[in-house]
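Visitor: I would like a close look at one part of this model, the enclosed space inside it and what surrounds that space. Please take the residues there one step further, into the cysteines and the strands.

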Amino acid sequence: MLLNRKAQVDVPGLKYVADFITELDELDLLAAVDAEPWLTDLKRRVQHYGYRYDYKARKVDPSMHLGSLPGWAQSLAARLVADGYMSTPDQLIVNEYEPGQGIAPHVDCVTCFGSVVCSITLGSQCMMELSAVNGEGTRSLLLERCSLVVLAGESRYEWRHAIARRKTDKIGDQMLPRNRRVSLTFRTVIIEGQDRR
């Protein structure tokens with residue numbers, strides 16, 4: 001669907017790239033993800049690579065290191081660096097959202113992760129809701145299949161992002177049903193005493 005191709009969201013630091021990967025890439029990535037074990041301790045299924053993130057303590061430390069990113073993610077990570085979106089990511093979280101699932105408004109842990117967060121959408125489009133931390137604005141951005149969203153600058157630190165818990169999204173006069181969506185979110189871990197990258 002070509003619903004979001006020319007959309008501009010006036011949130012400083014946010015970049016949206018439609019068709020960052022091909023549909024064939026998407027199928028290969030979903031197959032690779034589904035061949036790995038899922039964690040089920042949240043309301044949605046997740047996978048952690050590089051470092052595990054402790055949701056309750058809201059922290060990452062060296063003891064949480066799990067090893068390198070998996071082979072299927074390394075070429076994506078290298079491309080994010082080569083295309084100038086971020087420095088080398090060493091943490092990847094895979095989130096699965098079934099229709100009706102979402103995530104509450106949040107800013108990714110400021111003391112845990114670097115200045116850029118990159119997320120790729122697989123399987124289904126959905127609407128991401130953005131809200132200014134100071135309460136002075138909200139925005140909506142349709143995340144299409146195979147797209148990349150980059151949060152940097154103000155969009156990283158001064159705006160919350162969320163996925164509402166619903167089964168459809170309204171775009172103009174159109175109601176778009178959600179299907180299973182998988183997001184691949186790449187980040188760079190900050191270890192205490194190191195500079196933010």
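Guide: A cavity here is a set of grid points where a 1.4 Å probe fits but cannot get out, and a residue counts as lining if it has an atom within 4 Å of such a point. The model is a predicted one.

By this rule there is 1 cavity of 30 Å³ or more. The volume of the largest cavity is about 40 Å³. Its lining consists of Tyr97, Glu98, Gln101, Cys126, Ile163, Arg178, Asn179 and Arg181. Sorted by class, the lining has 3 nonpolar, 2 polar and 3 charged residues.

Two of these names lead further into the structure: Cys126 and Ile163.

Take the cysteine first. Cysteine 126 is buried, at a relative accessible area of 2%. A disulfide requires two cysteine sulfur atoms within 2.5 Å. The closest cysteine sulfur to that of cysteine 126 belongs to cysteine 146 and lies 13 Å away, so the distance is too great for a bond. Seen from the other end, the closest cysteine sulfur to that of cysteine 146 is the one in cysteine 126, again at 13 Å and too far for a bond. Cysteine 146 is likewise buried, with 2% relative accessible area.

A disulfide does occur elsewhere: the search of the whole structure finds 1. It joins cysteine 109 to cysteine 112, with 2.2 Å between the sulfur atoms. The link between cysteine 109 and cysteine 112 is right-handed, with 55° about the S-S bond. Both partners fall under the 20% limit for buried residues, cysteine 109 having a relative accessible area of 6% and cysteine 112 one of 3%.

Now the isoleucine. Ile163 lines the largest cavity, and isoleucine 163 in β9 is also the bridge partner of isoleucine 103. Strand β9 covers residues 159–163 and pairs with β4 in the antiparallel sense, over 2 bridges. Strands of a sheet pair through backbone hydrogen bonds, either parallel or antiparallel.

The pair β4 and β9 belongs to an open sheet of 4 strands, ordered β4-β9-β6-β7 with antiparallel pairing. β4 (103–106) and β7 (138–143) are the edge strands; each has a single partner strand, so one side of each has no neighbour in the sheet. On average, neighbouring strands of this sheet are turned by 20° against each other, with direction ignored.

To return to the starting point, the lining of the largest cavity includes Cys126 and Ile163; cysteine 126 is buried, and isoleucine 163 is bridged to isoleucine 103.

Conventions
Residues are numbered from 1 along each chain as its sequence is written. This is a predicted model: local features need pLDDT of at least 70, side-chain atom pairs count only at pLDDT 80 or more; totals for chains, interfaces and linings use all residues. Side-chain values use heavy atoms; hydrogens and water are left out. On a 1 Å grid over the protein atoms alone, a cavity is a set of points where a 1.4 Å probe fits but cannot get out, and a pocket is an open set with protein on both sides within 12 Å along at least five of seven lines; lining residues have an atom within 4 Å of a point. Grid points are joined across faces, edges and corners, and a volume is the space filled by probe spheres set on the points. Ala, Val, Leu, Ile, Met, Phe, Trp, Tyr, Cys and Pro count as nonpolar, Asp, Glu, Lys and Arg as charged, and the others, Gly among them, as polar. Buried means under 20% relative accessible area, exposed over 50%, partly exposed in between (1.4 Å probe, protein chains only). Two strands pair if DSSP finds at least two bridges between them. Axes are lines fitted to C-alpha atoms, for helices over the stretch in contact, and angles run from 0 to 180 degrees between N-to-C directions.
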